[in-house]
Amino acid sequence: MSLLRLSTAALALSLLAGCMAMPARDDGQWAPTPPMQPPVAAAPADGSIYHDNQNMELFSDARAHRVGDILTIALVESTQASKKASTSTSKKDKADLAAPTILGKGLTINGNSASLGLDGERTFDGNGSSSQSNQLTGSITVTVAERLSNGNLIIRGEKWLTINQGQELVRISGIVRPQDISPDNSVPSTRVADARISYTGRGTLADANTRGWLSRFFNSKWMPF
């Protein structure tokens, strides 16, 4: 019964992990950050077209620098790693001991020489290799969630794409220096500090590319055999 209960619990955990693989669509943590709205005084009724408190920045820099501003992140991620190891050892020992001589004659046992010989040989060969490469290109527009005391910007945002019978999700968060923002208000993802980038999907294509729950169970650490 204990084995049955363990298998049932592992099966439930596998199903739960499969269901939680895709984040929720309406996650408040990833909601766009609105700009901070200072209190606005009523405009004086003097017939003038322009007033200082109307925030008409005609000649200011269009690059993001305030909470709630929009910034485009160009995804240019490309990683490649490889590792290879090879080990080979060999050792061979040999020792010969002549038969002792008694009265000028070699010692024999049942007519055979009493000489001794020792031979030993050990070899070991080991090889291992591993390689991995990833690439992610595209763009995602995010909002400035916070402005730090040193002027750096904490950015966060997500993009949902619904294509035919599936949904794709791209999320990114991190810290951007204002100096790295180009005049077109974009910054490459390689310039985002403490970047958290995730790309997931769900739907018919994602399901077809995922092992079934029974196969995941038999290949999990909970499988007792």
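What follows is a walk through this structure, from the overall layout down to single residues.

Keep in mind from the start that you are looking at a predicted model. The protein has three helices and 10 strands. Read from the N terminus, a helix comes at the start, then the run of strands, and then two helices at the end: α-β-β-β-β-β-β-β-β-β-β-α-α. Of the 225 residues, 21% are buried. The accessible surface of the protein adds up to about 17,000 Å², and carbon and sulfur atoms account for 55% of that. Contacts reach across the sequence too: take those between residues at least 6 apart, and 67% of them join residues at least 24 apart.

Now for the sheet. Six strands build an open sheet, and if you step across the sheet you meet them in the order β9-β1-β6-β7-β8-β10, with mixed pairing. The edges are held by β9 (186-188) and β10 (193-203); each has a single partner strand, so one side of each goes without a neighbour in the sheet. On average, neighbouring strands here are turned by 20° against each other, ignoring direction.

Let's go through some of the pairings. Strand β1 (residues 70-97) and strand β6 (residues 116-147) run antiparallel and are joined by 28 bridges. To find your place in this pair, look for S90, which sits opposite T123 in β6. Another spot to check is Q80, which is part of strand β1. Along the chain, Q80 and Q132 are 52 residues apart, yet their C-alpha atoms are separated by 5.7 Å. Setting aside residues up to four places away in sequence, Q80 touches Q132 and S133. Is Q80 buried or exposed? Q80 is exposed, since its relative accessible area is 73% and the cut-off for that label is over 50%.

Moving on from β6, the next partner is β7, again antiparallel, this time with four bridges. Here T143 faces R156 in β7. The β6 and β7 hairpin has five residues between its strands, and within this hairpin G151 adopts a positive phi near 95°. One step further, β7 (residues 153-163) is joined to β8 (residues 166-176) by 11 bridges, with the two strands running antiparallel. In this pair, I154 is the residue opposite I175 in β8.

What about the nonpolar side chains? In soluble globular proteins, such side chains tend to be buried together. The largest nonpolar core in this model has 16 residues, and the members that touch the most others are L71, I73, L75, I140, V142, I155 and V176. Two or more residues come from each of β1, β6, β7 and β8. The top contributor is β6, which supplies four residues. For a close-up, pick L75: beyond its neighbours within four places in sequence, L75 makes contact with L136, T137, G138, S139, I140, V170, I172 and S189.

Charged side chains are the last stop. Side chains of opposite charge can pair when their charged atoms come close. How many salt bridges turn up in a search of the whole structure? The search finds four, and three of them are worth a visit here.

Start with E158 and R171, whose closest N and O atoms are 2.7 Å apart. This salt bridge ties together distant parts of the chain, with E158 in strand β7 and R171 in strand β8, 13 residues apart. R171 is buried, at 5% relative accessible area, while E158 counts as partly exposed at 21%. The reason for the split labels is that buried means under 20%.

Next come R66 and D69, which form a salt bridge with 3.4 Å between their closest N and O atoms. D69 is buried, with a relative accessible area of 14%, whereas R66 is partly exposed at 35% relative accessibility.

Finally, look at R196 and D194. They form a salt bridge too, and their closest N and O atoms are 2.6 Å apart. D194 is partly exposed, with 48% relative accessible area.

Methods
Residues are numbered from 1 along each chain as its sequence is written. This is a predicted model: local features need pLDDT of at least 70, side-chain atom pairs count only at pLDDT 80 or more; totals for chains, interfaces and linings use all residues. Side-chain values use heavy atoms; hydrogens and water are left out. Two strands pair if DSSP finds at least two bridges between them. Axes are lines fitted to C-alpha atoms, for helices over the stretch in contact, and angles run from 0 to 180 degrees between N-to-C directions. A salt bridge is a side-chain nitrogen of Lys or Arg within 4 Å of a carboxyl oxygen of Asp or Glu. Buried means under 20% relative accessible area, exposed over 50%, partly exposed in between (1.4 Å probe, protein chains only). Contact means heavy atoms within 4.5 Å. Accessible areas come from the Shrake-Rupley method with a 1.4 Å probe; for residues, only the protein chains shown count as cover. A nonpolar core is a set of buried Ala, Val, Leu, Ile, Met, Phe, Trp, Tyr and Cys residues joined through side-chain atoms within 4.5 Å.
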